[in-house]
Amino acid sequence: MQAPEPSPLKQSLQETHLLLADQPGLGLLLVIFLLGMLLYRMVSRARRLPLAQARQAQHEALLTLNHINSLTTRNIDDRLTEALSLGRQYLQLDNGIISSVHGQDYRVISHVSSATPIARGESFPLGETYCSITLKNGGVTAISHMAASEYTGHPCYKGFALESYIGVPLKVGGRPYGTLAFFSQQRRKKPFSAQDREFVVLMANWVSSSIELKLADEKELQSNAKLEKLTNHVPGMVYQYVRDQDGKGFFPYVSAVVRDIYSEIPDNLRFSDQPVIRNIHPADLEKVLSSISESGETLTPWRCEYRYFHARKGLIWLEGHANPERLHNGSVLWHGVITDISSRKRMELNLQGEKTRLQSIIDSTAIGTWEWNIATGIAIFNARWAAMIGYTLEELAPTTLPNWLSLIHPDDRRACESAMNDHVKGLTQRFDFRYRIRHKSGHWLWVHDRGQVMSWSDTGKPLLMFGTHADITHSVETQEALAESDSRFRSILSSLPGTVYRCRHDDRRTIHYVSERISDLTGYTAEELLEEKNASLDALILPEDLPQLNGISDALSSKRPYEIFYRLRHKDGSTVWIQDKGSLSYDSKRRTQWLDGFMWDITDRKILTEQLAESEQRFEGAFETAPQGMAIIRHDGRWLDMNTALCTMLGYDRADLMGGHHRDLTHPEDRDAERTQIEALLAGHTSAFQIKKRMLHKRGHEIWVLESVSLVYDANDKPSYKIAIFQDISEEMRTDILKRNFVSTVSHELRTPLTAIFGSLGLVTKGALGELSPQIQKILTIAYNNAERLITLINDLLDMEKLISGNVDINISNVDGPHALQEAMEANASYGEQYGVQFVLGSVTPLTLLADKSKLHQVLANLLSNAAKFSRAGGSVTLSLARDGDTAVIAIADTGEGIPTAFHHKVFEKFSQADSSDIKKKGGTGLGLAISRELVDKMQGRIWFESMVDQGSTFYVALPLAEQQGEATS
């Protein structure tokens, strides 16, 4: 079996025994002294233990909100009443109320009560209700005991003595509307929790949406009723017509006269204008469409006459008047009237001849016409053709084919001429070409030319060709803009961290569209999925996760967006966790058709969630089974939870401590010191602290503990709670007291007589009593040297005790660095001479240090004496001073034998020297470096060393620079 490791106490005694082997008369005394020289430290990490009660409350809140959200009562008022009842039951309050507020008028929208409800529509002065407090606060107001709150003087409390209240403002359409509140005359047994507040906020969102829907329905009914009354007296069909940016049109509203005008019913036109468009006379169709386009582009009134094939009347003439306006989404909305002008047009047409009728049709098209005599090359254009490109017909003369071609953009000219020649040769049925033509002002127009050979010679040669010339610049620009918009849209989709999709609302979610990022989730490209006929989104889901799709039906049944979670099988065989959000859209006949949604990869989040749950489970076990006392304490000092070890340490049951204040168990004399540390922690000056203090046991006695405290922040970076670890150090403190008493005894009882003995031996050895024999001189010299070493040891022990107990006064001031080094060299020169070592100055930067001058001299004396003792005779010790950022670094380098690597970690420990044989040869207590480290720490500095065997050692001391110097040299 392996021997057990020696205890720290036993190990310390063994080391002390070795150290004092050659210290006559001190062994037993210092062994007793070292019994109290051990300190223990422990810092652990912990995390908050979720409370079972919080999880249960959250579960109940979610169930209630789900029940509210799934209410199916058709009447919105009844749904609000049912929701209030569910909310009142969840919060365990007697009343629930929804109100609207206008100025100082508080009006009841809905109210439920376990006693007598308030009638809907009843009003009160706002100032006499608690809701005035809620509206003033602008957020959730929750008061569980009104008598103990600042609102005891409120009129509502005086009039109704309502003790518990929770309320939140309502917003409808983005504007303040009223309040949602719950209240009782009895005080609430438990304060309202964060879960209760969140429940009320979520329910308020549902109530606001329901009220907004109710107001919209009422407004629509009123508007429709008024409109119908007005349109019944208008001679014609009153309508609204919308054309979106894609050129698609529909009629949001048509009056009942539509049956007489278009022989259609309103529902057939609500989502598409095609039932009308397809019955417009083909000869008038382009005129109608172009005039609508022109009106929409210029936002000028639309007026048009056109022929229409009526189901009962046959071909009729209609006249339309409308005023356009542009909507926020880029679409155009016309408000107008269409009347039947068949009788008037028949009279006009009977008075006109064939030529007039033809010219009227040409003029109404607002397009250019041309005629080309192929044999002569002469072209005849109408005035509209010339005006379209900014000319008069006279300016274009002679109008020949070459002159026309010269106006065409060079990049389009050859292709246009080729298309014309192909038709003239009979290779194509008609000439149809789009190209750019130069305007007189210098810019380019896009035109659409259509033409056809209408006359042929007896030999079959083409003679005359007629055609039209339409300006399509806006249409081309619109198409280019649409293409650019589509490119931007696809670019946006490609940058999203997920996939946009559209699928059919069927039992398979058949894919209609999916963005390119689908490959990130599945390994399949969008093209691969869409190439497959009837490709299904659900086919990619793991079979065991298919029941999650029931969440879509549940959400759609309550007319809300859905959100579901499931796993996909990647093309490479791996599994991907998906979060999927979407909503339902409808076709032109208001039938459910599309599911539009967005899904993204949450695999990493799922893994982190599982790891967090596992970590919390491990923390729960570690927290309860830890041998030290552990506790979770609110930032205001009240106990949240504690483990069994702490309860046992203090003699209390967990129930006795829960909800109490941590301060109450701290000894009154230690509370101020602890409060100072806590205030610094909460202010962010420190991240953690340790303090030794006394705590009060249930039986009345005191317990010394080492308390280690750290702070945990919430998601908003605000203090949430503290983690505290308590270690019982009562025995250690009792030993420490014994040790201090012992040191005091050494100070008063040993140092004075030793000083006298040392002085007397000094006089004798120096011949004060006459010449001594060599043998006696040798013995007395040994006694003199040992007395000197004993006094040095006692002084070092006393210095160390003062440092550890905090009884050393540190007076920080500005210290001239080079001067301090020079003084240290001069004061310790004789010590260097004793060992044959010379102290020299190296590179010294003029710097002013922040330090205690006397303590700095003590540190330098320890380091110089240490360097001299362990340097070779004839060697040197170099002192230097340099700046490193905001600190000054003193370096003391020797040319000695160096420090063995295995001993590096013990250099600054008490009673430590690298080679025990050196104790006899060099002397010393082994406390110099330990004392130096303590002094440097108390001066807010740092000490360290670098050493290599046989190459010497360099000790460094870093201390802060004086502020004025830092500013001057920065």
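A charge sits over a ring if NZ of Lys or CZ of Arg is within 6 Å of the ring centre and within 35 degrees of the ring normal.

Me: In this predicted model, over the ring of which residue does the charged end of Lys606 sit?
Reply: The model is predicted. For a lysine the atom to follow is NZ, with a limit of 6 Å from the ring centre. The charged end of Lys606 lies 4.3 Å from the centre of the ring it sits over, and that ring belongs to Trp577.

Me: How far from the ring centre of Trp944 is the charged end of Arg942?
Reply: For an arginine the atom to follow is CZ. The charged end of Arg942 sits over the ring of Trp944, and its distance from the ring centre is 4.0 Å.

Me: What is the mean pLDDT of the chain, and where does pLDDT fall below 50?
Reply: The mean pLDDT is 80, and 79% of the residues reach 70 or more. Residues 966-970 stay under 50, with two contacts beyond four places in sequence. Another stretch below 50 has 71 contacts beyond near neighbours in sequence, and it covers residues 1-51. The mean asked for is 80.

Me: How many disulfides does the model hold?
Reply: The test is whether two cysteine sulfur atoms lie within 2.5 Å. Among the cysteines, Cys416 is buried at a relative accessible area of 0%, and Cys647 is buried at 8%. The count of disulfides is zero.

Me: Is Ala161 buried, partly exposed or exposed?
Reply: Ala161 sits in the loop between helix H6 (155-160) and strand E5 (164-172). Its phi is positive, about 55°, although the residue is not a glycine. Most residues other than glycine have a negative phi. With a relative accessible area of 36%, Ala161 is partly exposed.

Me: Which loop holds Lys559, and is the residue buried or exposed?
Reply: Lys559 is a residue other than glycine with a positive phi, near 55°. The loop that holds Lys559 runs between helix H21 (550-557) and strand E19 (562-569). At 78% relative accessibility, Lys559 is exposed.

Me: What span does helix H4 reach from its first C-alpha to its last?
Reply: Helix H4 covers residues 76-91, which is 16 residues, and the span expected at 1.5 Å a residue is 22 Å. Its buried residues include Ile76, Leu80, Leu84 and Tyr90. Just after H4, Gln92 takes a positive phi of about 60°. The span of H4 in the model is close to the expected one, at 22 Å.

Me: How many aromatic pairs are there, and what is the geometry of Tyr130 and Tyr165?
Reply: The structure holds 14 aromatic pairs. The ring centres of Tyr130 and Tyr165 are 5.4 Å apart and their planes meet at 70°, so this pair is edge-to-face. Tyr130 is in the loop between strand E3 (123-125) and helix H5 (131-137) and Tyr165 is in strand E5, so the pair ties together parts 35 residues apart in sequence. Tyr130 is buried at 2%, as is Tyr165 at 2%, and the geometry asked for is edge-to-face.

Me: How many residues apart in sequence are Tyr262 and Tyr308?
Reply: These two form a tilted pair, 4.8 Å centre to centre with 55° between the planes. Both Tyr262 and Tyr308 are buried. Tyr262 lies in the loop between helix H8 (258-261) and helix H9 (266-269) and Tyr308 in strand E9, a separation of 46 residues.

Terms used
Residues numbered from 1 in each chain as written. Predicted model: local features only at pLDDT ≥ 70, side-chain atom pairs only at ≥ 80, totals over all residues. Heavy atoms only, no water. pLDDT = per-residue confidence, 0-100. Contact = heavy atoms within 4.5 Å. Buried < 20%, exposed > 50% of the residue type's maximum accessible area, 1.4 Å probe, protein only. Helix = DSSP H or I, 4+ residues; strand = E, 2+ residues; numbered from the N terminus. Expected span 1.5 Å × (residues − 1). Phe/Tyr/Trp six-rings, centres within 6.5 Å; stacked < 30°, edge-to-face > 60°.
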